[in-house]
Amino acid sequence: MLSASSEPIMPTALKILIAGGFGVGKTTMVGSVSEVPPLETEERITEVSRGIDDLAGVEGKYATTVAMDFGRITVSPELVLYLFGTPGQDRFWFMWDDLALGALGAVVLADTRR
Ligand SMILES: Nc1nc2c(ncn2[C@@H]2O[C@H](COP(=O)(O)OP(=O)(O)OP(=O)(O)O)[C@@H](O)[C@H]2O)c(=O)[nH]1
Ligand SMILES: [Mg+2]
């Protein structure tokens with residue numbers, strides 16, 4: 001992309017965190033709004049998670065994020081949003097601090113059915 005003076009436009013990049021508890025739809029949201037195929041780190045939920053991760057209300061969910069989600073939205077030639085989705089399981093919450101570093105803001109999802 002070139003500006004009126006033929007100078008290349010370097011867009012301002014803003015980091016937005018997509019956070020929320022287990023299974024609220026963070027990965028689904030990043031994948032839905034991203035203009036590029038999202039980076040996903042989904043692994044199958046196994047029997048070992050029974051009694052630890054509460055699937056009540058999302059019984060069809062078969063995978064969970066084990067690191068992060070990533071997507072991109074170009075708002076204008078001057079502005080690009082980078083979306084970082086957190087893992088939702090309690091045991092991965094320590095990663096939220098690092099994922100939030102440098103973020104301008106966050107979207108916190110809640111599943112009102114649960
Ligand atoms: N009813 C309803 N279900 C949804 C919607 N979006 C996603 N889901 C379902 O809700 C579940 C959410 O799954 P994910 O997107 O993996 O949720 P997540 O927050 O990334 O989960 P973790 O990373 O494991 O914490 C899935 O079973 C989806 O099919 C929605 O808009 N409405
Ligand atoms: Mg996820």
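Begin by selecting Val 107, which counts as partly exposed at 29% relative accessibility, a value that falls between the 20% under which a residue is called buried and the 50% over which it is called exposed. Keep in mind throughout the tour that this is a predicted model.

Val 107 has its place in strand β6, which covers residues 105-109. If you now display its surroundings, leaving aside neighbours within four places in sequence, you will find Val 107 in contact with Ile 16, Leu 17, Ile 18, Ala 19 and Met 29. Add Gly 85 to the selection as well: Gly 85 and Val 107 are 22 residues apart in sequence, and their C-alpha atoms are 9.4 Å apart in space.

Two of those contacts, Ile 16 and Ile 18, lead to the next stop. Which residues make up the largest nonpolar core? Select Ile 16, Ile 18, Val 30, Leu 81 and Leu 83, the five residues that form this core, and then colour strands β1 (12-20) and β5 (79-85), each of which supplies at least two residues of it. Staying with Leu 81, and not counting residues up to four places away in sequence, you can see that Leu 81 touches Leu 14, Ile 16, Gly 71, Arg 72, Ile 73 and Val 75.

Next, turn to the magnesium ion, ligand 2, whose protein donors are the OG1 atoms of Thr 27 and Thr 65, lying 2.0 Å from it. Thr 27 belongs to helix α1 and Thr 65 to strand β3, so this pair ties together parts that are 38 residues apart in sequence. Are these two threonines buried or exposed? Both Thr 27 and Thr 65 are buried.

Helix α1 and strand β3 also matter for the following selection, the largest pocket, because α1 (26-33) and β3 (63-65) each supply at least two residues of its lining. The space in this pocket is about 230 Å³, and among the 16 residues that line it, those closest to its centre are Gly 23, Gly 25, Lys 26, Thr 28 and Lys 61. Sorted by class, the lining has four nonpolar, seven polar and five charged residues.

Finish at Arg 91, in the loop between β5 and α2 (95-100). Arg 91 is partly exposed, with a relative accessible area of 44%, and, apart from neighbours within four places in sequence, Arg 91 is in contact with Ile 52 and Asp 53. As a last step, select Asp 69 together with Arg 91: they are 22 residues apart in sequence and 17 Å apart in space, C-alpha to C-alpha.

Note on methods. Residues numbered from 1 in each chain as written. Chains lettered and ligands numbered in written order. Predicted model: local features only at pLDDT ≥ 70, side-chain atom pairs only at ≥ 80, totals over all residues. Heavy atoms only, no water. 1 Å grid on protein atoms, 1.4 Å probe; cavity = no way out; pocket = protein on both sides within 12 Å on 5 of 7 lines; lining within 4 Å. Points joined across faces, edges and corners; volume = space filled by probe spheres on them. Helix = DSSP H or I, 4+ residues; strand = E, 2+ residues; numbered from the N terminus. Nonpolar A, V, L, I, M, F, W, Y, C, P; charged D, E, K, R; others polar. Donors = N, O, S within 2.8 Å, 3.2 Å for Na, K, Ca; no water. Buried < 20%, exposed > 50% of the residue type's maximum accessible area, 1.4 Å probe, protein only. Core = buried A, V, L, I, M, F, W, Y, C linked by side-chain atoms within 4.5 Å. Contact = heavy atoms within 4.5 Å.
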